[in-house]
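User: Could you take a close look at one part of this model for me? I would like to understand how its domains meet.

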Amino acid sequence: MNPLIFQSDFGRADGAVSAMYGVAYCVFGDLKISDLTHEIPQYDIWEASYRLIQTVSYWPEGAVFVSVVDPGVGSTRRSIVAQTEGGQYVVTPDNGTLTHIKKLCGIRAARVIDESVNRLPGSGESYTFHGRDIYAYTGARLASGIIGFEGVGPEVPVESVVEIPFVPAKLEENEVSGTIDVLDVRFGSLWTNIPRELFLKMGVSYGERIEVIIEKRGHTVYRTSLIYAHSFADAFIGEALVYVNSLDFMAVAINQGNFARAYNVGTGLSWRITMRKSTLNR
């Protein structure tokens, strides 16, 4: 028996999450179920993908994640289970939710769910709650050991797993640039796709000042010089800083403040960030 972890954009205002729990426990009553989050913004496949990469590799081999952010429910999109290079499993619609895992963690194998076997009995005419009827049911069967990975369904090429647009960070002429992928939600910090190792190729050290330029669709919305801090304690309260986040990527924050709210900064491919050794005094 392995852990079963749920993620969705359902929220908890109604019974959707509880229904998925119920299906899982009916499959096997001794399952250990946890939540990643159910607060993904509605239909936001990108954030669902990012929250998986933020979490999956910290769970043991064999852990089963069920991720349901599914604006195409009932369409021709596939339902799949992916096995990561670390040996965890992700049960999800094949709509791009696996983008970050595929790019950054790696997918070892993928299988399409055979719904003739792996579907909640009596749900065959329901096409709007696959999170309950297919994903929670299949995830519970896999986590409990009722089926192995081969019992999910036919294998498909890893290359066929759907990806959403993903622009890698780059280093050019002593500056790094990338995208603002997601927020550290409660604190408003900006998490970029710039890896620490790429950032350090500029020859910077803790305590130096970094010029940070944030653009939205080519228009500059923020530009100033920030300290490259080892931790938040290296900056004054209310001071902005550049730091390495928990995923080993570069991030921007305000010590005990909310950077995204203060400067009205969002996330996604339309938001670009550039960092270089500062030529500014502040």
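How many residue pairs are in polar contact across the interface of domain 1 and domain 2?

Analyst: Happy to help! This is a predicted model, in which local features need pLDDT of at least 70, side-chain atom pairs count only at pLDDT 80 or more, and totals for chains, interfaces and linings use all residues. Residues are numbered from 1 along each chain as its sequence is written, and side-chain values use heavy atoms, leaving out hydrogens and water.

Two residue pairs are in polar contact across the interface, both at pLDDT 80 or more; the term means a pair of N or O atoms within 3.5 Å, where within protein one must be able to donate a hydrogen and the other to accept it, and residues adjacent in sequence count only if both atoms are side-chain atoms. On the side of domain 1 that touches domain 2, helix H2 (45-55) and helix H3 (99-105) each supply at least two residues (helices are DSSP runs of H or I, at least four residues, numbered from the N terminus). H2 gives the largest share of that side, six residues. By type, that side of domain 1 has five nonpolar, two polar and two charged residues, with Ala, Val, Leu, Ile, Met, Phe, Trp, Tyr, Cys and Pro counted as nonpolar, Asp, Glu, Lys and Arg as charged, and the others, Gly among them, as polar.

As for area, domain 1 and domain 2 bury about 760 Å² between them, 62% of it on carbon and sulfur atoms; this is the accessible area (1.4 Å probe) lost on being put together, summed over both. Within domain 1, Trp46, Tyr50 and Arg51 lose the most area to domain 2, together 64% of what that side buries.

How values were computed: Buried area is the accessible area (1.4 Å probe) that two parts lose on being put together, summed over both.
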